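Biologist: I have a new model open and want to learn how to read it. Where do we begin?

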Amino acid sequence: MKYTYLIGNGLDLSIGLKTSFIDFFESYCQIGDDNNEILTRFKEEINENVLLWSDFECQMGRFTDQVKPNGNLSFSDYSYCIEDFRNALVLYLLNEEQKIDSNFVNKCDRVSGRAIEYPFRFMRKGSRDRLEKYVSVYVSETIEYNFIVFNYTHTFENFLSPYGYNVV
């Protein structure tokens, strides 16, 4: 029997890391000492439409309207905004990961361990009953766990590694 889990940002949020885009935007959009007019305008654009920018890729596509000949930005200015955002996001997430301490393992055990070992626990009763019935046919088979990780951090991988799991 194979179980495949999709792991996203909910894991980080459930253990108290501030890894939502809104959390990052608050940090990123503080106008800093860089005295860079292009970045200042870019950050103001995000601040004015923060909910739209939570779909960053889509908004960067729309932001191409700011590039000449339609707008005032050169392509290198546009690229500079993307690169600045990317670098700031990477540093932000690394800083959030640094907040993980010994309590992290306990939180992950509570949040992940139970869900992995008994995946039906958090399902609605009707769905849970159907899935338990389906799985009962395979009760004598070895269970193989697979994980597809969409998380922004390495939290889940760090959780599994001490238990001897090979994380690819």
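Modeller: We go from the overall layout to the core, and then to two helix pairs.

Modeller: One caution before that: this is a predicted model.

Biologist: How many helices and strands are in the protein?

Modeller: There are nine helices and two strands. Read from the N terminus, the order is β-α-α-α-α-α-α-α-α-β-α.

Biologist: What share of the contacts with a separation of 6 or more comes from residues 24 or more positions apart?

Modeller: For this protein the share is 66%.

Biologist: And what percentage of the 168 residues is buried?

Modeller: Buried residues make up 31%. The exposed surface comes to about 11100 Å², and carbon and sulfur atoms supply 52% of that surface.

Biologist: Now the interior. Which residues of the largest nonpolar core touch the most other members?

Modeller: Start with the general idea. In soluble globular proteins, nonpolar side chains tend to be buried together. Here the largest nonpolar core has 21 residues, and F24, Y28, F42, I46, W53 and F85 touch the most other members. Four elements each give two or more residues to this core: α2 (21–28), α3 (37–48), α5 (56–63) and α6 (75–98). The largest share is from α6, with six residues.

Biologist: What does I46 contact, leaving aside its neighbours within four places in sequence?

Modeller: I46 is in contact with F25, Y28, C29, W53 and F85. There is also another core, apart from the largest one. That other core has 11 residues, including M1, L11, I116 and F120.

Biologist: Next, helix packing. At what angle do α3 and α6 pack?

Modeller: Two packed helices are described by the angle between their axes and the distance between the axes. For α3 and α6 the angle is about 65 degrees, and the axes are 10 Å apart. That angle makes α3 roughly perpendicular to α6. The range counted as roughly perpendicular is 65 to 115 degrees.

Biologist: Is the crossing of α3 and α6 left-handed or right-handed?

Modeller: The α3 and α6 crossing is right-handed. On the α3 side, look at I38, L39, F42, K43 and I46. They meet D77, Y80, C81, D84 and F85 of α6.

Biologist: C81 catches my eye. Is C81 buried or exposed?

Modeller: C81 sits in helix α6. Its relative accessibility is 0%, so C81 counts as buried. Not counting residues up to four places away in sequence, C81 touches Y28, I38, L39 and F42. Check M60 as well. M60 and C81 are 21 residues apart along the chain, and their C-alpha atoms are separated by 9.5 Å.

Biologist: Now the second pair. How far apart are the axes of α5 and α6?

Modeller: The α5 and α6 axes are 11 Å apart, at an angle of about 165 degrees. The two helices are therefore roughly antiparallel to each other. The cut-off for that label is over 145 degrees.

Biologist: Which residues make the contact between α5 and α6?

Modeller: From α5 come F56, M60, G61 and F63, and from α6 come Y78, I82 and F85. The crossing of α5 and α6 is right-handed.

Biologist: Which residues does the cis peptide bond join?

Modeller: The cis bond joins K68 and P69, with omega at about 15 degrees. P69 lies in the loop between α5 and α6.

Biologist: Let me trace α6 once more.

Modeller: Do so with its partners in view. α6 packs against α3 at about 65 degrees and against α5 at about 165 degrees.

Note on methods:
Residues are numbered from 1 along each chain as its sequence is written. This is a predicted model: local features need pLDDT of at least 70, side-chain atom pairs count only at pLDDT 80 or more; totals for chains, interfaces and linings use all residues. Side-chain values use heavy atoms; hydrogens and water are left out. Buried means under 20% relative accessible area, exposed over 50%, partly exposed in between (1.4 Å probe, protein chains only). Contact means heavy atoms within 4.5 Å. Accessible areas come from the Shrake-Rupley method with a 1.4 Å probe; for residues, only the protein chains shown count as cover. A nonpolar core is a set of buried Ala, Val, Leu, Ile, Met, Phe, Trp, Tyr and Cys residues joined through side-chain atoms within 4.5 Å. Axes are lines fitted to C-alpha atoms, for helices over the stretch in contact, and angles run from 0 to 180 degrees between N-to-C directions. Angles under 35 degrees count as roughly parallel, over 145 as roughly antiparallel, 65 to 115 as roughly perpendicular and the rest as oblique. A crossing is left-handed if the near helix is turned anticlockwise from the far one by less than a right angle, and right-handed if clockwise.
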